[in-house]
There are 2 protein chains.
Amino acid sequence: MKAEALKQQAARPENPGRSDGGPGTTGSTALAGVSRRRLLGTAGAAGAAGLALGAAGGAAAHAAAAEAAPTALSTVGSGVVAFHGEHQAGITTAMQSSGHLVAFDLSPGAGRKAAAALMRRWSALAAELMAGRPASREDTGVALDAGPSSLTVTFGFGRTFFGRTGLTARRPAGLDPLPPFSADRLDPRRSDGDLWVQIGADDGLVAFHALRAIQKAAGDTARVRWQMNGFNRAPGATARPMTTRNLMGQIDGTNNPKPSEPDFDRRVFVPAGTEHGWLTGGSYAVVRRIRMLLDDWERLSTAKQEGVIGRRKSDGAPLTGGGESTPLALDELGPDGKPVVAANAHARISAPEQNGGAAMLRRPFSYHDGIGPDGTPDAGLLFICWQADPLRGFVPVQRKLDRGDALSPFLRHEASGLFVVPGGARQGEYVGQRLLES
Amino acid sequence: MKAEALKQQAARPENPGRSDGGPGTTGSTALAGVSRRRLLGTAGAAGAAGLALGAAGGAAAHAAAAEAAPTALSTVGSGVVAFHGEHQAGITTAMQSSGHLVAFDLSPGAGRKAAAALMRRWSALAAELMAGRPASREDTGVALDAGPSSLTVTFGFGRTFFGRTGLTARRPAGLDPLPPFSADRLDPRRSDGDLWVQIGADDGLVAFHALRAIQKAAGDTARVRWQMNGFNRAPGATARPMTTRNLMGQIDGTNNPKPSEPDFDRRVFVPAGTEHGWLTGGSYAVVRRIRMLLDDWERLSTAKQEGVIGRRKSDGAPLTGGGESTPLALDELGPDGKPVVAANAHARISAPEQNGGAAMLRRPFSYHDGIGPDGTPDAGLLFICWQADPLRGFVPVQRKLDRGDALSPFLRHEASGLFVVPGGARQGEYVGQRLLES
């Protein structure tokens, strides 16, 4: 039995609604390269039919889903995201239900050569795992039988990586440290790092398996600096196509740039012709562990929460009416003569039209590390946003929020990282090769 | 639009393979009681067809799945498990992908009356949440739009509960403390507790939402003693019907009693006519946080790991041949004259025929709380097993394992709890009512 290549758009045919307002999927999905073992029981008519339900990515997927909810699901395990491509996977890929973030520091003495060898090893490993193949002959077996489960592995470099590898001259200005913000309560031991890896999958064991494999493949070259676990809604758990919710219960991600918009690529990915050629097709990830003070938040009535956000909790529509995607009527006044969407409402302050066009693609995981000694949940958002330039994305928006967002008293930024994420590897290439070898 | 009741066996039609060797589903699944909001987009032909794919629980489901993998999936969110019934949900329910365990201690001064009021509140809440309805008018909204997602909420009482409520005379002998074991490294702050709640769902936000709601409904009556998070394979992530794997990569749960076996009920549930009438239909849960020393384990070759277990890693078949469900040929000798399944192999020592018929229904979650300061994962198994009598289930098997299991050096029991889980509530009743009010 030999697998035939099945190529198509849309990595998440089973739930295109999740790309509504969230990241659309521009990468291609392929069953090509899935091993014979993986295909046993998945490549039959049912499997192919399931995958064939997918519409094209982005807005098209949204429109199709809006017409035909609920979407019939194929097996979650058979979803495959391509490793090779213009951009790395895990940026415009639809959000997965399980995620791990892990930062490494290079070991003393490990320089450019060792870093290049590590990126070569990691890239080869990521390509195998994302195709649903074992890491090695002595694979731990944790992901056996699960299928690729839309696994993505994404690699980034922190500011310190460039000094350690003697590449300071190639360090882009976009990695200049983020400014301090008044809500920051940053733990340096859980912030920054030479190397950053984002792992996402629609199965918890597949994601864990990849994390272990990546950690072991680091060998003596790099050691873990910090590691965090996150989650999102399960594929198929949302009946209607809509943007996902966060642990405050808010619909979160409505104003994300859409892959169908003409300036999407320009906002998210570094174009050719900027300061460093190796950066082309890359992006910047701002990572913040944002704790939600849920006990305080949940003491507010739903009406008060809606005032803080400026949107209805039920469906994410602006308080000035319409649906989730309706623009805010920022000038509309209520019977009391005050703006319906308050001056300090989160949605007003973070609205793209209020930020001179600054835009970032938010693609977070929720986190929950249990209940703390004070009885409150250690829970919130592993905020990850993607942009071509942090100074045109996260920084200006967060500066505005920092000055007057009504939501700020309910949030605490506990860790922070800024990483440059090189463009995707071409066939035969490893991630970061154009930086490390040219 | 009004929902018609859809009743059938098998709560997890989307992946009956997960009940192979694991817990079958004997409870009924119903869309009855799902609110109109929940049904928007789920009660159409596609949703009903998806649910109708389910076969009867246990062995029948296994057989059907073996013939027709992969199973087409409906939306994960529409799965409903009934709250009311002879037994509580979450015991024979197929394992869910997300779980929370939480133990509470009654507050000083809270006695039998306060405990009864709490169980009444919690039961009403669990019934609402499991049907996919909000917790209250001021619900946090975290689970909105997700559907019930096969949520279960299961309640148990620890030994100390009976003293605090003045009910020592009704404390069953099955709650006598577990004996110490040599592999125990128990943290008392994460062990035991007056009350225990197990939450499981096929969506991380639905499970988190239920945990928060249960915690808040405790009010001043009880406070959290400890809380743990776990996960299992996603529904639909396993292409072939088979028992799930643990974080060591082993197929785990092969020898579980099957609901189709004639002595299943007798082994798992307390029969009528024992020492306390209120116990009828109940069960005992032994809960152990078992850390896996994965770095040590993964240093073994696959062949050595298979020797430790006595089964093949690829498919769980005994080293003496056959398939996963083939009995071990315990007397078979290898070319070296030694037993093929070693005298200290885990599968031999834990085999039911080696334990005088002792049996327990294992229904665990994996856990992963990040990477510890020493660089090793804080990961393993939230072991939960169910039995009619711990002295005929967990205790004798663990005693034997404690004396000579080759797997023991790779495990560390870090927390332990033993809870009696009353029978299910009938309509109009709350869980534990027959203990607290009779």
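Q: So helices (H or I, at least four residues) and strands (E, at least two) are DSSP runs numbered from the N terminus. Which phi does A:Gly219 take just after H6(A)?

A: A positive one, about 55°. Bear in mind that this is a predicted model, where local features need pLDDT of at least 70 and side-chain atom pairs 80 or more, while totals for chains, interfaces and linings use all residues. Residues count from 1 along each chain as its sequence is written, chains are lettered from A and ligands numbered from 1 in written order, and side-chain values use heavy atoms, without hydrogens or water.

Q: How many residues of H6(A) are buried?

A: Buried means under 20% relative accessible area, exposed over 50%, and partly exposed in between (1.4 Å probe, protein chains only). In H6(A), 13 of the 14 residues are buried, so to speak "mostly covered".

Q: And what about charged side chains: which residue pairs with A:Glu414 in a salt bridge?

A: Side chains of opposite charge can pair when their charged atoms come close. The cut-off for a salt bridge is a side-chain nitrogen of Lys or Arg within 4 Å of a carboxyl oxygen of Asp or Glu. A:Glu414 meets A:Arg291, at 3.7 Å from N to O. A:Glu414 sits in strand E11 and A:Arg291 in strand E7 of chain A, 123 residues apart. A:Glu414 is buried at 9% relative accessible area, and A:Arg291 is buried at 12%.

Q: Which residues does B:Arg190 bridge to in chain B?

A: B:Asp187, at 3.7 Å, and B:Glu414, at 3.8 Å. B:Arg190 itself is partly exposed, at 27%.
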